[in-house]
Amino acid sequence: MTAFDDSPGGGHDGGRHGGRYGEAVFRPEQVGEGERIDFGALAYDDITLSRLRELGVGPGWRCLDVGAGTGTVSRRLLEEAGVTSVLAVDRDVRFLEARPVPGLDVLEADISAPSFAPGRFRLVHARFVLMHLPERDRLITALAELVAPGGVLVLSDAIDLTSDRTPDTPYSVAMRAMWEGLRDSIGTDVSWVPSYPRLLRGAGLGSVAAEVHVPPLVPGSPISRFWADTWARSRTAMVATGLVDERAVDAAIRYLSSDECAAVSAGMLTVWGRKPASSPVAGPA
């Protein structure tokens, strides 16, 4: 799951150094990458499934899960929400293919490609994907076009809650270095995420709303283990910023598992909008 991620299903030109998610950092073939993604899923899946079900997702729905990663949301949509089918899309589908289930179709594709047109779906969902991609306005419009009339587009991405006024702790210093390092190396940018509601409205969707979830940083919790693993895997990019050195990264990882940890994790902003239903065809007077 991203810096965060559910292993984004779209390619991009990367950051200043020409990197790309899954190549410069967070390579899917790296030992333990699936487990890192799943730590993030453990922190956020319940919130995601609760929101999707409150939006009416359930039996009869045909769903598109963009950047599906290890497939935890896709499988729970089938097994718990009882949807009819899920098309799970990712640029690398090794984790999805490892655990096939009835109703789950897998597509290896780049969502940023102009040719990406898998059809219309009652639910289009993408979590921790667009924050890593350029042309975000265009991609949101493109995803909205894949929503069937009456269906919903649901997007989730990270919001950084570490401001300039946040006291320096091993955690806050590491988080600042991580966001800057990922921006420089692969183009990750969460600064625009709060504009999601406006962008969905601009894409022609109605009933737009948003919410934020911040999981507690408790030693040994999935989100704490996720950040520790994420920092370990992105330490080269973090150190390259000059904001931290190797010892500072190690100190931050130890801090997450200690009783001294007192910090606010990055949050997940989820926004949704509904495609207007088709106007009924007028019958004879």
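This short talk walks through the central sheet of the structure, then its aromatic pairs, one exposed proline and the cysteines.

Before I begin, please keep in mind that what we are looking at is a predicted model.

Let me start with the sheet. Seven strands make up an open sheet, and reading across it the order is β3-β2-β1-β4-β5-β7-β6, with mixed pairing. The edges are formed by β3, residues 104–108, and by β6, residues 206–213, each of which pairs on one side only. If we ignore direction, neighbouring strands of this sheet are turned against each other by 15° on average. As a general reminder, strands of a sheet pair through backbone hydrogen bonds, and they do so either parallel or antiparallel.

I would like to dwell on β4, which covers residues 121–127 and runs parallel to β1, residues 62–66, with four bridges joining the two. Within that pairing, cysteine 63 has leucine 123 of β4 as its bridge partner, while aspartate 65 stands opposite histidine 125, again in β4. On its other pairing, β4 is joined to β5 by six bridges, and these two strands also run parallel. Here arginine 127 stands opposite serine 156 of β5. Between β4 and β5 the chain passes through helix α4, and the resulting β-α-β crossover is right-handed.

How is β4 placed with respect to the rest of the structure? Six of its seven residues are buried, so β4 is largely enclosed by what surrounds it. Helix α4, residues 136–145, packs on the sheet. The helix touches β1, β4 and β5, the last of these spanning residues 147–159, and its direction makes an angle of about 145° with that of β5.

Turning now to the aromatic residues, a search of the whole structure finds five aromatic pairs. One of them is formed by tyrosine 44 and phenylalanine 128, in an edge-to-face arrangement with 5.4 Å centre to centre and 70° between the planes. This pair links distant parts of the chain, since tyrosine 44 belongs to helix α1, residues 33–54, whereas phenylalanine 128 sits in the loop between β4 and α4, 84 residues apart. Are these two rings buried or exposed? Tyrosine 44 counts as buried because its relative accessibility is 0%, and phenylalanine 128 is likewise buried, with a relative accessible area of 0%.

Another of the pairs joins phenylalanine 226 and tryptophan 227, also edge-to-face, at 5.1 Å centre to centre and with 65° between the planes. Both of these residues, phenylalanine 226 and tryptophan 227, are buried. Ring pairs also bring in Trp179, which is linked with Phe226 and Trp227 into a cluster.

For contrast, consider proline 59, which lies in the loop between α1 and β1. Proline 59 counts as exposed because its relative accessibility is 67%, and the cut-off for that class is over 50%. Leaving aside residues up to four places away in sequence, proline 59 touches Ala81, Gly82, Val83 and Thr84. The C-alpha atoms of proline 59 and alanine 81 are separated by 7.0 Å, although these residues are 22 apart along the chain.

I will finish with the cysteines. How many disulfides does the structure hold? The count is zero. Cysteine 63, which we met in the sheet as the partner of leucine 123, is buried with a relative accessible area of 1%. Cysteine 261 has a relative accessible area of 13%, and because the limit for buried is under 20%, this residue is classed as buried too.

Terms used. Residues numbered from 1 in each chain as written. Predicted model: local features only at pLDDT ≥ 70, side-chain atom pairs only at ≥ 80, totals over all residues. Heavy atoms only, no water. Disulfide = S-S within 2.5 Å. Buried < 20%, exposed > 50% of the residue type's maximum accessible area, 1.4 Å probe, protein only. Pairing = 2+ DSSP bridges. Axes fitted to C-alpha atoms, helices over the stretch in contact; angles between N-to-C directions. Contact = heavy atoms within 4.5 Å. Right-handed = clockwise from strand over helix to strand, strands pointing away. Phe/Tyr/Trp six-rings, centres within 6.5 Å; stacked < 30°, edge-to-face > 60°.
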